[in-house]
Amino acid sequence: MDFSAIDWQRPWLSHVSELGRSLAVAPDWQAAANTLARERRLTNAAGLPIVFSPQNLLPKSVGYELHISQTGQIPTRDNLHDFFNALIWLHFPNSKRVLNQLQVEEIHRQSDRTLRGKQRDAATVFDENAAIFISQDPALTEWLKRRQWKNLLHSHATRFHQDCKILLFGHALIEKLIHPYKSITAHVWCLSEQRIFTENQTNDAMSSIDESVAKSLASGFVSGDFCHLPVLGIPGWWNGQNEDFYADAEVFRTSDAQSRTR
């Protein structure tokens with residue numbers, strides 16, 4: 001697989017770049033990811049070891065989520081989408097475990113397996129497209145929820161950097177940002193943390209955030225619990241972030257009815 005399209009200097013990759021770079025230069029990135037999973041003793045909700053296994057080992061009669069739950073094996077293709085999925089498993093194993101458990105519980109609740117259910121849909125959206133918004137500043141969180149973009153992202157950019165941190169979780173979201181465009185929008189999960197990340201993120205800090213996210217998800221959630229954020233509006237994440245940039249109503253929307261992931 002060609003990793004040359006990934007620019008590890010991008011600010012949205014700062015929390016996964018060190019490990020990502022090392023996997024990208026490994027002779028076999030999946031084997032290297034499995035070695036790390038074993039060393040870190042990653043397991044699914046049933047306590048089975050996590051293994052990134054070839055996609056063709058997934059039985060046709062078993063769904064993706066159920067297979068992970070029943071075997072600990074994560075069907076993995078040799079592409080960037082699944083590479084980023086493995087990278088997130090290695091950084092947020094507790095959160096990924098909870099998401100899988102919620103999806104499987106919803107599958108078992110549905111007598112008709114063709115129906116996904118609200119919890120399974122929400123867990124899939126989180127898995128694919130979530131960003132974690134960490135802040136102790138209630139004003140920042142309120143501006144996010146109310147989509148007061150100018151206050152949140154422009155007028156108080158310094159305050160945003162001091163009191164807020166955004167960590168991308170969704171592997172499809174990260175994949176989109178290989179070729180960034182202004183309207184890429186994340187489903188945002190808000191946390192209030194005593195310890196806010198610095199740019200020099202430690203393994204202990206990542207583990208703490210992972211545990212907090214997992215705990216916040218464990219009781220269940222629905223798609224309506226997300227906020228939305230055009231990620232290239234995050235201060236410093238893109239060029240030309242002047243007042244006109246944030247005045248683009250096609251991207252920085254204020255109406256819930258109009259919001260969608262693009």
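Select Trp-149 and display its surroundings: leaving aside residues up to four places away in sequence, Trp-149 touches Leu-144, His-154, His-228, Leu-229, Pro-230, Phe-252 and Arg-253, where contact means heavy atoms within 4.5 Å. This is a predicted model, in which local features need pLDDT of at least 70 and side-chain atom pairs count only at pLDDT 80 or more, while totals for chains, interfaces and linings use all residues. Residues are numbered from 1 along each chain as its sequence is written, and side-chain values use heavy atoms, with hydrogens and water left out.

**Around Trp-149**

Trp-149 belongs to helix α8; helices (H or I, at least four residues) and strands (E, at least two) are DSSP runs, numbered from the N terminus. Its relative accessible area of 5% is why Trp-149 counts as buried. Here buried means under 20% relative accessible area, exposed over 50%, and partly exposed in between, with a 1.4 Å probe and protein chains only. Show the polar atoms next: the side chain of Trp-149 reaches the backbone oxygen of Arg-253 at 2.8 Å. A polar contact is a pair of N or O atoms within 3.5 Å; within protein, one must be able to donate a hydrogen and the other to accept it, and residues adjacent in sequence count only if both atoms are side-chain atoms. Then add Thr-254, which is 105 residues from Trp-149 in sequence but 8.5 Å away in space, C-alpha to C-alpha.

**Salt bridges**

Keep Arg-253 selected and add Glu-250. The side chains of these two residues, Glu-250 and Arg-253, meet in a salt bridge (3.4 Å, N to O), defined as a side-chain nitrogen of Lys or Arg within 4 Å of a carboxyl oxygen of Asp or Glu. Glu-250 is exposed at 53% relative accessibility, whereas Arg-253 is buried at 11%. The structure holds 10 salt bridges. Side chains of opposite charge can pair when their charged atoms come close.

Return to helix α8 and select Lys-150. Lys-150 forms a salt bridge with Glu-243, with the closest N and O atoms 3.2 Å apart. This pair links distant parts of the chain, as Lys-150 lies in helix α8 (residues 149–155) and Glu-243 in helix α12 (residues 243–246), 93 residues apart. Lys-150 is partly exposed at 44% relative accessibility, and Glu-243 is partly exposed at 46%.

For a pair within one helix, select Glu-106 and Arg-109. Both lie in helix α5, three residues apart, about one turn of the helix, and their side chains meet in a salt bridge (2.5 Å, N to O). Glu-106 is buried, with a relative accessible area of 7%, while Arg-109 is exposed at 54%.

**The largest cavity**

Which residues line the largest cavity? Select Tyr-64, Glu-65, Ile-68, Asn-85, Trp-89, Lys-96, Leu-99, Asn-100, Gln-103 and Asp-127 to display the lining. On a 1 Å grid over the protein atoms alone, a cavity is a set of points where a 1.4 Å probe fits but cannot get out, and lining residues have an atom within 4 Å of a point. The elements giving two or more residues to this lining are α3 (64–71), α4 (80–91) and α5 (93–109). Of these, α5 gives the most, with four residues. The volume of the largest cavity is about 80 Å³, and a search of the whole structure finds two cavities of 30 Å³ or more. Grid points are joined across faces, edges and corners, and a volume is the space filled by probe spheres set on the points.

**Strand β3 and the loop after it**

Move to Ser-135 in strand β3 (residues 130–135). Ser-135 is buried, with a relative accessible area of 2%. A polar atom of its side chain lies 3.0 Å from the backbone nitrogen of Asp-137. Asp-137 itself is in the loop between β3 and α7 (138–146) and is buried at 11% relative accessibility. Add Arg-159: its side chain makes a polar contact with the side chain of Asp-137 at 2.8 Å.

**Two backbone positions**

Finish with Arg-147 and Arg-41. Most residues other than glycine have a negative phi. Arg-147, in the loop between α7 and α8, has a positive phi of about 60 degrees and is buried at 7% relative accessibility. Arg-41, in the loop between α2 (29–39) and β1 (51–54), has a positive phi of about 55 degrees and is exposed at 72%.

Technical notes. On a 1 Å grid over the protein atoms alone, a cavity is a set of points where a 1.4 Å probe fits but cannot get out, and a pocket is an open set with protein on both sides within 12 Å along at least five of seven lines; lining residues have an atom within 4 Å of a point.
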